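Colleague: I am learning how descriptive words are chosen for a protein model, and I would like to go through the reasoning with you.

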Amino acid sequence: MFTKTTACAAAIALSATTAFAGGLSPEIVEAVPMEEVVAPAGPSINPTYIVVGVLAALLIAAAVSDDDDEEEIRKIPIDVLEAGQG
């Protein structure tokens, strides 16, 4: 009976030590993986360039459609023509 009790005590002690497996050492806590912060999508081009481009296009359009008085045919008064002939 003594051997049976000793064997049971040894089995319990062995299972208790394997359950603790590290003794009384501090528990190792693994870091929880953090979610990656995704930066918000920005514009592919600076909006300032768009504004400058639109202003340049407006200036070019204004320069092209400018009505020059130089292209019009000037009418010479008849008095000037008569004065020049005589």
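The conversation below takes up a few terms in turn.

Modeller: Please keep in mind that this is a predicted model, in which the protein chain has 3 helices and 0 strands, running α-α-α from the N terminus on.

Colleague: Why is isoleucine 50 called partly exposed?

Modeller: Its relative accessible area is 47%, and since buried means under 20% and exposed means over 50%, isoleucine 50 falls in between and is therefore called partly exposed.

Colleague: What makes isoleucine 50 eligible for a nonpolar patch on the surface?

Modeller: A patch residue needs over 30% relative accessible area and no salt bridge, and isoleucine 50, which lies in helix α2 (residues 47–64), has 47%. The patch consists of Ile45, Tyr49, Ile50, Val51, Val54, Leu55 and Leu58, which together have about 710 Å² of accessible area.

Colleague: How do you know where confidence is highest and where it is lowest?

Modeller: On a pLDDT scale from 0 to 100, α2 has the highest mean, at 92, whereas helix α3 (residues 78–85) has the lowest, at 62; the protein chain averages 77.

Methods. Residues are numbered from 1 along each chain as its sequence is written. This is a predicted model: local features need pLDDT of at least 70, side-chain atom pairs count only at pLDDT 80 or more; totals for chains, interfaces and linings use all residues. Side-chain values use heavy atoms; hydrogens and water are left out. Patches are made of residues with over 30% relative accessible area and no salt bridge: like charges are joined within 9 Å, nonpolar side chains (Val, Leu, Ile, Met, Phe, Trp, Tyr) within 5 Å. Accessible areas come from the Shrake-Rupley method with a 1.4 Å probe; for residues, only the protein chains shown count as cover. A salt bridge is a side-chain nitrogen of Lys or Arg within 4 Å of a carboxyl oxygen of Asp or Glu. Helices (H or I, at least four residues) and strands (E, at least two) are DSSP runs, numbered from the N terminus. Buried means under 20% relative accessible area, exposed over 50%, partly exposed in between (1.4 Å probe, protein chains only). pLDDT is the predictor's confidence in each residue, from 0 to 100.
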